[in-house]
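The following note sets out points on the overall fold, the sheets and one internal cavity. It is meant to be read alongside the sequence and the coordinates.

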Amino acid sequence: MSILVAGGAGYIGSVTVERLSRAGHKVVVYDNLSRGHREAVPNQVTFVQGDIADSATLEKALREHKVDAVMHFCAHSQVGESVKEPFMYYQNNVQNGINLLGAMLRCDVKQFIFSSTAAVFGEPDAIPITEETAQHPTNPYGRTKWMFEQILRDCSDAHGLRSISLRYFNACGATELCGEDHTPETHLIPIVLDVAAGKRESLGIFGRDYPTQDGTCIRDYVHVSDLADAHIKALEALGKGAATNIYNLGNGQGFSVLEVVQAAEEVTSRKIPCINSPRRAGDPARLVASSDRIREELHWNPQIADLRRIIETAWKWKLEHPNGYGSAPAAAKDRFAS
Ligand SMILES: NC(=O)c1ccc[n+]([C@@H]2O[C@H](COP(=O)([O-])OP(=O)(O)OC[C@H]3O[C@@H](n4cnc5c(N)ncnc54)[C@H](O)[C@@H]3O)[C@@H](O)[C@H]2O)c1
């Protein structure tokens, strides 16, 4: 199939591009590089530098490459920034997303996979979180993703554009070629590894008084290559006529901040100094997914569920890319197709 990967120069998108290409699909990466990296896209993959707000460039890419399905990773995705700049979030994550759907409909492309998030749930009443758990997002970022899920349902009913929304919990880890390089970095594992690498002095732990076994927050970490596999499964399901649907994507196990620190110390054999800070507003004690639905319906089965193994992949990538993609060896991009 011919797949347009919007946001394919970003963290999760680039790993999915890797998987799609290996599975034999024709891939077009469409990215404005606002938060992604040209180096994350292998030379063998068609790259269009464009914004999803730009209908003409989008339609040209969709028609020229005879695209069958779109994977939509583009978004602004920092919770704190979304609170300070809500319009920017509604514009990129909702308005520009609608623009992408409009371009698809005009080009008769009607299969869509959407990067949603655990942030649609806010502070859930019960754990594990299922697809039916009530959704009360507590920040503009979560609200943009929740709104877009509703838009996709309406778009499916009205226009027959079938979609699968994948609600990722905490994406983490790396492949041989692609890893996490966000600026600023807000995710726990890369921050912890920056401390191990001597690029940060210490890790701030926000809250030591949660009702968890060690007092720190518990989150569900899902390896980025398992997320990419879920996209392939979703694509296959849509290809067989699956109806519009939503799935949670998590590891099913929660790890506390201190467990992540301890595992990272073991993997890196380095000490990770921590500083205790007050709780952050809106940080729930525990967020752990039930991914039973995608396991049962799409036969998704995460391969890298062990926390140490997850951290090992991220650490290896960090050692090979001490300055992120800025330090990627030029040859890395060409190793890809073999
Ligand atoms: N990383 C996580 O843990 C996580 C968790 C839940 C959901 N998500 C969602 O998954 C998706 C991918 O996350 P990520 O961590 O890979 O993010 P990322 O920032 O690394 O990648 C997003 C990519 O989209 C591009 N982009 C953004 N706006 C664009 C626009 N208007 N036009 C064209 N390109 C644009 C950026 O340049 C970037 O390459 C996002 O939608 C995010 O909300 C991520």
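1. Helices and strands are here DSSP runs, of at least four residues (H or I) for a helix and at least two (E) for a strand, numbered from the N terminus. On that basis the protein, which is a predicted model, has 11 helices and 14 strands. Its radius of gyration is 19 Å, close to the 20 Å that the globule rule gives for 338 residues, so the protein is as compact as a globular protein of that length. Along the principal axes, the C-alpha atoms fill a box of roughly 55 × 45 × 40 Å.

2. One open sheet is built of seven strands with parallel pairing, in the order β3-β2-β1-β4-β5-β6-β11. Strands β3 (46-49) and β11 (245-249) are at its edges; each has a single partner strand, so one side of each is left without a neighbour in the sheet. From one strand to the next, the twist averages 20°.

3. At the β3 edge of this sheet, the partner is β2 (residues 26-31), and the two strands pair in the parallel sense over four bridges. Within this pairing, D31 stands opposite Q49 in β3.

4. Helix α5 (residues 140-159) packs on the seven-stranded sheet. The strands that α5 touches are β4 (69-72), β5 (111-117), β6 (162-168) and β11. The direction of α5 makes about 155° with that of β5.

5. A further open sheet has three strands, in the order β12-β9-β14, and its pairing is mixed. Its edges are formed by β12 (255-256) and β14 (286-287), each with a single partner strand, so one side of each has no neighbour in the sheet. Strand β9 (residues 218-219) pairs with β12 in the antiparallel sense over two bridges, and I218 stands opposite S256 in β12.

6. How many cavities of 30 Å³ or more does the model contain? The count comes to three. The second largest cavity holds about 80 Å³ of space. Its lining consists of Y11, G173, A174, E180, I189, P190, L193, A314, W317 and K318. The elements that give two or more residues to this lining are α6 (188-196) and α10 (307-320).

7. What is the character of the residues that line the second largest cavity, in terms of nonpolar, polar and charged? Seven are nonpolar, one is polar and two are charged. E180 and K318 are among the lining residues.

Definitions and conventions: Residues numbered from 1 in each chain as written. Predicted model: local features only at pLDDT ≥ 70, side-chain atom pairs only at ≥ 80, totals over all residues. Heavy atoms only, no water. Pairing = 2+ DSSP bridges. Axes fitted to C-alpha atoms, helices over the stretch in contact; angles between N-to-C directions. Contact = heavy atoms within 4.5 Å. 1 Å grid on protein atoms, 1.4 Å probe; cavity = no way out; pocket = protein on both sides within 12 Å on 5 of 7 lines; lining within 4 Å. Points joined across faces, edges and corners; volume = space filled by probe spheres on them. Nonpolar A, V, L, I, M, F, W, Y, C, P; charged D, E, K, R; others polar. Rg over C-alpha atoms; globule rule 2.2 N^0.38 Å.
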